[in-house]
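Hi,

Here's the structure I promised to pass on. Have a look at it first, and my notes are underneath.

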Amino acid sequence: MLIKHPLDIFPSEITPPEVYRGRRAFMRATGSLALAGSLGLQAGNAAAGVKLAGTRPGPYGTREEMTPYKDVTTYNNFYEFGTDKADPARNAGSLKPRPWSVQVDGLVKRPGHYDIDALLKLASLEDRIYRMRCVEGWSMVIPWVGYPLNELIRRVEPLGGAKYLEFTTLNDRSQMPGVRTSVLDWPYTEGLRLDEARHPLTLLAVGLYGETLANQNGAPVRIVVPWKYGFKSAKSIVRIRFVDKQPVSAWMQAAPREYGFYSNVNPEVDHPRWSQAKERRIGEFFKRKTLPFNGYGEQVARLYAGMDLRRYF
Ligand code: MTE
């Protein structure tokens, strides 16, 4: 994110419009998530998704056109696999999403290690079509599969002193070529206030387009927080720690003036190096206006009542 200015990323890195149009017409004709998924797989991305059975439609779905699977899985930020948008799809084949467990500890009554297959069965899986807005100025509409993070939180029973969650993601040189560079102080960490983490929009995501996550999208499990800039949605998480003090995320550590703890999508607060008023939806030519809280204000604005969102950016 420090490396690329939003104006640098278009138009050479995006799929030509005629390819989008063909795929969009196809998706309209079939309306099928599963078919769209297999279309992407035939296109040969780094990790083959496995169909997730028994998912059900979740709340908050947008009717906006979904970003094609191919773009969701080939235009990524996952610096552990390189800083170019195409690097994660190219390099994430070395990530091993099994065996995998997530350590949940800190200020909770029931700390423990959750095996990924146990996590998958912890609550019923929902399809959640969310708008996602990257701090760099592009956006997508992604049909995630997962369940509210709160399903896990309530099972571990946070103690009274727990005010924040800190997410730590995998930091393994043998699987992730990018962590040999010093572009960030690894591991990639992120954080949420407890009430943000418990909000029903906040997802523990294990899939997209009806299938398990492709490695480049954060297999086998990631966080998705749709009203915040994309970097808050930590990929390939290995630890969730409940703490009493606001955690310092990897991006806050790297560039504190540019990346704040809250990072709510806010068209009125510019990034120090560019405006956040507009965004380019991947696959569209003209920019569109960015909405406060990425369009989820009705659901989340109350979490920030009385806060100066310029100060707490
Ligand atoms: N998680 C890890 N571990 N490493 C990363 O580099 N990049 C973040 C976020 N999660 C990142 C991460 C950023 S900047 C964005 S925009 C989103 O992942 C991108 O998610 P996507 O590639 O699935 O769209």
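The side chain of R222 has a polar atom 2.8 Å from the backbone oxygen of N217, which fits a polar contact (a pair of N or O atoms within 3.5 Å, where one must be able to donate a hydrogen and the other to accept it; residues adjacent in sequence count only if both atoms are side-chain atoms). Keep in mind that this is a predicted model: local features need pLDDT of at least 70, side-chain atom pairs count only at pLDDT 80 or more, and totals for chains, interfaces and linings use all residues. Residues are numbered from 1 along each chain as its sequence is written, and side-chain values use heavy atoms, with hydrogens and water left out.

R222 is in strand β10 (residues 222-224); strands here are DSSP E runs of at least two residues, and helices are H or I runs of at least four, numbered from the N terminus. R222 is buried (under 20% relative accessible area, 1.4 Å probe, protein chains only). Still, R222 has no salt bridge (a side-chain nitrogen of Lys or Arg within 4 Å of a carboxyl oxygen of Asp or Glu). The nearest side chain of opposite charge, E80, is 10 Å away. Residues that R222 touches include W144, L213 and I237 (heavy atoms within 4.5 Å).

On to the sheet: 5 strands make an open, mixed sheet, ordered β3-β2-β11-β6-β7, with pairing meaning at least two DSSP bridges between strands. Its edge strands are β3 (112-115) and β7 (189-193). β2 (residues 101-106) runs parallel to β11 (residues 237-243) over 4 bridges, and D105 has R241 in β11 as its bridge partner.

Cheers

Definitions and conventions. Buried < 20%, exposed > 50% of the residue type's maximum accessible area, 1.4 Å probe, protein only. Lys, Arg positive; Asp, Glu negative; His and termini not counted. Lists of a residue's contacts leave out its neighbours within four places in sequence.
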